[in-house]
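Q: I would like a close look at one part of this protein. Please keep the sentences short and take the surroundings step by step.

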Amino acid sequence: MTQIFEGVRVIELAQYVFVPAAGALLADHGAEVIKVETPGLGDPYRTLKVGDGRETANANLSMEQNNRGKKSVAIDLKTEEGRKILLRLVATADVFLTSLRPRALKSLRLDPEDLMAVNPKLIYARGNGLGYKGEEYDKAGYDASAFWARGGFADLLTAPDAEITTRPRPALGDHTSAMSLLAAVSSGLFRRERSGKGMVVETSLLQNAAWVLSSDLVIALSNPNYDPHAGFSSGHRAPLMRAYKTSDGRWIQLMLLAPEKPWPELCAMLERPELENDPKFVDNAARMENGAELCDIISKCIGSRSWAEWAPLFFAWNAPWELISTIHELGEDPQLKAAGTVFPMELKNGHSVNVVAGPIGFDEQCAPLNPVGSPELGEHSDEVLSSIGYSADELATLRNSNVID
């Protein structure tokens with residue numbers, strides 16, 4: 001099977017998750033992704049300790065999830081010889097992928113004009129926290145700060161009377177934004193196929209937050225009095241589009257956007273058929289007006305039985321509802337398994353871990369055809385540099401000079 005990015009060479013100069021995750025998605029579908037790292041140090045994610053379980057006895061799970069299938073070349077870009085090596089690599093590349101801050105790239109002389117002078121057909125792809133225009137273009141930005149906090153999620157998902165804001169989940173904005181960067185790279189390659197010209201493509205964590213929250217944002221832009229927290233805890237305004245708790249603590253999410261058919265079916269299932277034509281609940285307007293009362297009725301009904309008792313009824317009901325999954329249930333979801341979204345990958349140390357594919361399938365294939373674990377620091381330095389003309393003697397000299405590792 002020919003993979004969608006087969007034959008595409010990507011030079012990745014990026015750290016942590018956001019931009020490297022886009023590189024992993026490119027590698028999943030056939031691209032040769034060469035990760036350029038600092039000798040002796042590498043991507044800080046190799047050694048980051050945050051105590052949330054991502055570092056196990058056998059694997060650094062974040063490195064494996066976001067750097068699988070890549071090659072690692074260790075080059076000291078602060079040396080003139082190291083920069084020359086990178087430029088020779090760029091001359092053979094289709095895509096340059098970077099998360100370095102703009103001033104760092106300028107100091108290294110790796111701005112778009114520098115690299116596109118060497119390779120006019122290059123797709124120069126960059127991602128950062130706050131975007132590349134405006135006074136704060138060079139401000140440091142991570143998922144929790146640029147996407148979650150400044151991007152509005154922390155406020156929208158925190159109850160107004162909370163003592164502390166809702167905490168973000170690991171890499172939520174990073175992986176969302178990685179998909180945007182993948183789309184940008186794909187679009188750049190498509191235009192180059194048509195025009196023969198390279199281009200700069202970019203995205204930011206903040207821009208992705210605005211896009212994800214655009215349903216709220218467009219209302220707020222047109223209505224300064226819009227309160228997204230109204231009915232935050234109760235959801236009384238939409239009693240058929242909220243979650244209800246069973247007697248054993250599971251939550252069932254209803255999402256009856258078009259309730260004409262499922263409303264009477266729900267009434268029958270709850271053994272409250274009289275609710276169907278009750279003037280207080282007969283249509284959406286009435287249900288919204290009397291939402292608190294209806295929520296209380298449905299809560300008591302669903303709360304009277306366990307999920308095991310409700311399951312046969314709900315599974316037989318052809319309506320938009322879902323049981324709210326735990327993260328462990330998500331990993332075992334048969335629909336994800338059918339799509340190949342969760343797949344095993346053998347590591348360099350012989351152990352195996354389960355990782356997650358991107359959400360896009362090409363020819364019905366989401367996961368990589370031949371999964372390969374993330375590279376050791378500098379594992380492919382000799383292989384890659386030999387491919388662009390460096391001899392064994394030259395490589396030995398560069399290594400002795402600490403230019404490469």
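Where is Leu257 found, and between which two elements does its loop run?

A: A word first on the source: this is a predicted model. Leu257 sits in the loop that links S8 to helix H11, and H11 covers residues 262–269.

Start with the side chain's setting. Is Leu257 buried or exposed? Leu257 is exposed, because its relative accessible area is 62% and the cut-off for exposed is over 50%. Leu257 also belongs to a nonpolar surface patch. Its partners there are Met241 and Met255. Together, the three residues make a patch of about 280 Å².

Now step back along the chain to S8. This strand spans residues 251–254. Strand S8 belongs to an open sheet of three strands, in the order S7-S8-S9. The pairing is antiparallel. The edges are S7, at residues 243–245, and S9, at residues 321–323. Each of these edge strands pairs on one side only. From one strand to the next, the twist averages 20 degrees. As a general point, strands of a sheet pair through backbone hydrogen bonds, in either a parallel or an antiparallel way.

Look closer at the S8 and S9 pair. Three bridges join these two strands, which run antiparallel. Within this pairing, Gln253 stands opposite Glu322 of S9.

A helix packs here too. H13, residues 291–302, lies across S7 and S8. Its direction is at about 45 degrees to S7.

For contrast, take two sites elsewhere in the chain. Thr341 occupies the loop between helix H16 (334–339) and strand S10 (342–346). Thr341 counts as buried because its relative accessibility is 13%, and the limit for buried is under 20%. Residues up to four places away in sequence aside, Thr341 touches Leu336, Val355, Val356 and Ala357. So the two loop residues fall in opposite classes: Leu257 is exposed, and Thr341 is buried.

Ile4 is the other site. Ile4 lies in the segment before strand S1, which covers residues 9–13. With a relative accessible area of 49%, Ile4 is partly exposed. Leaving out neighbours within four places in sequence, Ile4 is in contact with His29 and Phe362. The C-alpha atoms of Ile4 and Lys139 are separated by 35 Å. Along the chain, these two residues are 135 residues apart.

Back to the starting point. Leu257 lies in the loop between S8 and H11, and shares its nonpolar surface patch with Met241 and Met255.

Terms used. Residues numbered from 1 in each chain as written. Predicted model: local features only at pLDDT ≥ 70, side-chain atom pairs only at ≥ 80, totals over all residues. Heavy atoms only, no water. Helix = DSSP H or I, 4+ residues; strand = E, 2+ residues; numbered from the N terminus. Buried < 20%, exposed > 50% of the residue type's maximum accessible area, 1.4 Å probe, protein only. Contact = heavy atoms within 4.5 Å. Pairing = 2+ DSSP bridges. Axes fitted to C-alpha atoms, helices over the stretch in contact; angles between N-to-C directions. Patch = residues over 30% accessible without salt bridge, like charges linked within 9 Å, V, L, I, M, F, W, Y side chains within 5 Å. Areas by Shrake-Rupley, 256 points an atom, 1.4 Å probe, with all protein chains shown as cover. Salt bridge = Lys/Arg side-chain N within 4 Å of Asp/Glu carboxyl O.
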